[in-house]
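Visitor: Could you take me through one part of this model slowly, residue by residue where that helps? I would love a close look at the sheet and whatever surrounds it.

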Amino acid sequence: MQPRNMSMSGVVDLAAVKAAGEAKAKAEQARAESARQGGGGAVAPSSLVIDVDEAGFERDVLQRSAEVPVVIDFWAEWCEPCKQLSPLLERLAQEYSGRFVLAKIDVDANQMLMQQFGIQGIPAVFAVVAGQALPLFQGAAPETQIRQTLDQLIQVAEERFGLTGITVDPDASPDEEAAPAAVPQGPYDAVLEAAVQALDAGDFGGAVQAYKNVLSDDPGNSEAKLGLAQAELLRRVQDMDQQKVRQDAAENPADVTAQIAAADLDLVGGHVEDAFGRLVETVRRTAGEDRDAVRVRLLELFEVVGPDDPRVTAARSALARVLF
């Protein structure tokens, strides 16, 4: 299974953003259900370090990352630095006692995963949090640096996604682990799934309508809000002549329509700061209805990326400076 529901190296992958929001919502549902039932399932210490292959990647990494950060150690038998790093990571996984899970991937046996992550050398260490991949470090690293990196990862997972880890029972064996609480099905799951299928099929108009149907009944539905912002963006850029749009924007910096269209292309292409910076600068240069149109589009793009993203936070501050 390819790790398709992820974004790499800071690039905005719309499927990844949706997956992260969806994973966060389902993790919160699972925790609520667990609390309602009087507790959650504890795992044995041996479950904190797992071997993962392509067939089990979605289950063991992507799905698991909805409840606990998963640190991935890409290694190979012939890699000498790996023989130093891997035991250290295994020891830290036990020491951190459920704050993260270590997934070990043999690159020789899982070439597709290695390619999907864009790995050019090993050892390489990534993390997956709520469906999003984060590069941590490559090559051997001192223990103090690794600890600092893990501490930052755990902090981000908790603050941005509410992931507090899993409970470890030192006396439990793998066979004695309690089954995880089932994620309750929401009342709009069927409609939301239909919207996702429409997105995958390129029917962006159908996806927009499906998300609007959910929001008409449940205006606060975060998954539908995120999906609608994505679908509307994809629908806008679907038939654009990219070369002409970019040429118009370059030749007409005062043309609000041209700058808005170019910002949409910037975001879809993963150039987040460029998209935000373009629109903030256009807000600064405009007034009245033009300024308001640009501001509204910028806020829409914030929804696509997600309010917790530091690039959104920085752009909000920049917008406030030019407005006030």
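Guide: Happily! Let us begin with Asn 110, which has a relative accessibility of 4%. Buried means under 20%, so Asn 110 belongs in that class. Please keep in mind throughout that this is a predicted model. Along the chain, Asn 110 sits in the loop that leads from strand S3 (101-106) to helix H4 (111-116). Leaving aside residues up to four places away in sequence, the residues that Asn 110 touches are Val 52, Asp 53, Glu 54 and Ile 105.

From this loop we can turn to the sheet itself. Its five strands are arranged in the order S1-S3-S2-S4-S5, forming an open sheet with mixed pairing. Strand S1 (49-51) and strand S5 (132-138) are the edge strands; each has a single partner, so each has one side without a neighbour in the sheet. Going from one strand to the next, the twist averages 25 degrees.

Further in, look at S2 and S4, which run antiparallel and are joined by five bridges. If you would like a landmark there, find Val 71: the residue opposite it is Ala 127 in S4. Against the sheet packs helix H5 (residues 143-161), which touches S2, S4 and S5. The direction of helix H5 makes about 165 degrees with that of S5.

Now for the rings. A pair of aromatic rings is described by the distance of the centres and the angle of the planes. The structure holds six such aromatic pairs. One of them joins Phe 74 to Phe 126 in an edge-to-face arrangement, with 6.0 Å from centre to centre and 85 degrees between the planes. Phe 74 belongs to strand S2 (residues 70-75) and Phe 126 to strand S4 (residues 124-129), so this pair ties together parts that are 52 residues apart in sequence. Phe 74 and Phe 126 are both buried. Ring pairs also link these two with others, giving a cluster made of Phe 57, Phe 74, Phe 117 and Phe 126.

Another residue worth a stop is Leu 62, found in helix H2 (residues 57-63). Leu 62 has a relative accessible area of 8% and is buried. Its C-alpha atom is separated by 5.4 Å from that of Gly 131, although Leu 62 and Gly 131 are 69 residues apart along the chain.

To finish, step back to the whole chain. The chain has 13 helices and five strands, and 46% of its 324 residues count as buried. Its accessible surface comes to about 15900 Å², and carbon and sulfur atoms account for 49% of that. Contacts that link remote stretches of sequence, like some of those we have just visited, can be counted over the chain too. If you take the contacts between residues at least 6 apart in sequence, 71% of them join residues at least 24 apart.

Definitions and conventions:
Residues are numbered from 1 along each chain as its sequence is written. This is a predicted model: local features need pLDDT of at least 70, side-chain atom pairs count only at pLDDT 80 or more; totals for chains, interfaces and linings use all residues. Side-chain values use heavy atoms; hydrogens and water are left out. Helices (H or I, at least four residues) and strands (E, at least two) are DSSP runs, numbered from the N terminus. Buried means under 20% relative accessible area, exposed over 50%, partly exposed in between (1.4 Å probe, protein chains only). Contact means heavy atoms within 4.5 Å. Accessible areas come from the Shrake-Rupley method with a 1.4 Å probe; for residues, only the protein chains shown count as cover. Rings of Phe, Tyr and Trp (its six-membered ring) pair if their centres lie within 6.5 Å; planes under 30 degrees apart count as stacked, over 60 as edge-to-face and the rest as tilted. Two strands pair if DSSP finds at least two bridges between them. Axes are lines fitted to C-alpha atoms, for helices over the stretch in contact, and angles run from 0 to 180 degrees between N-to-C directions.
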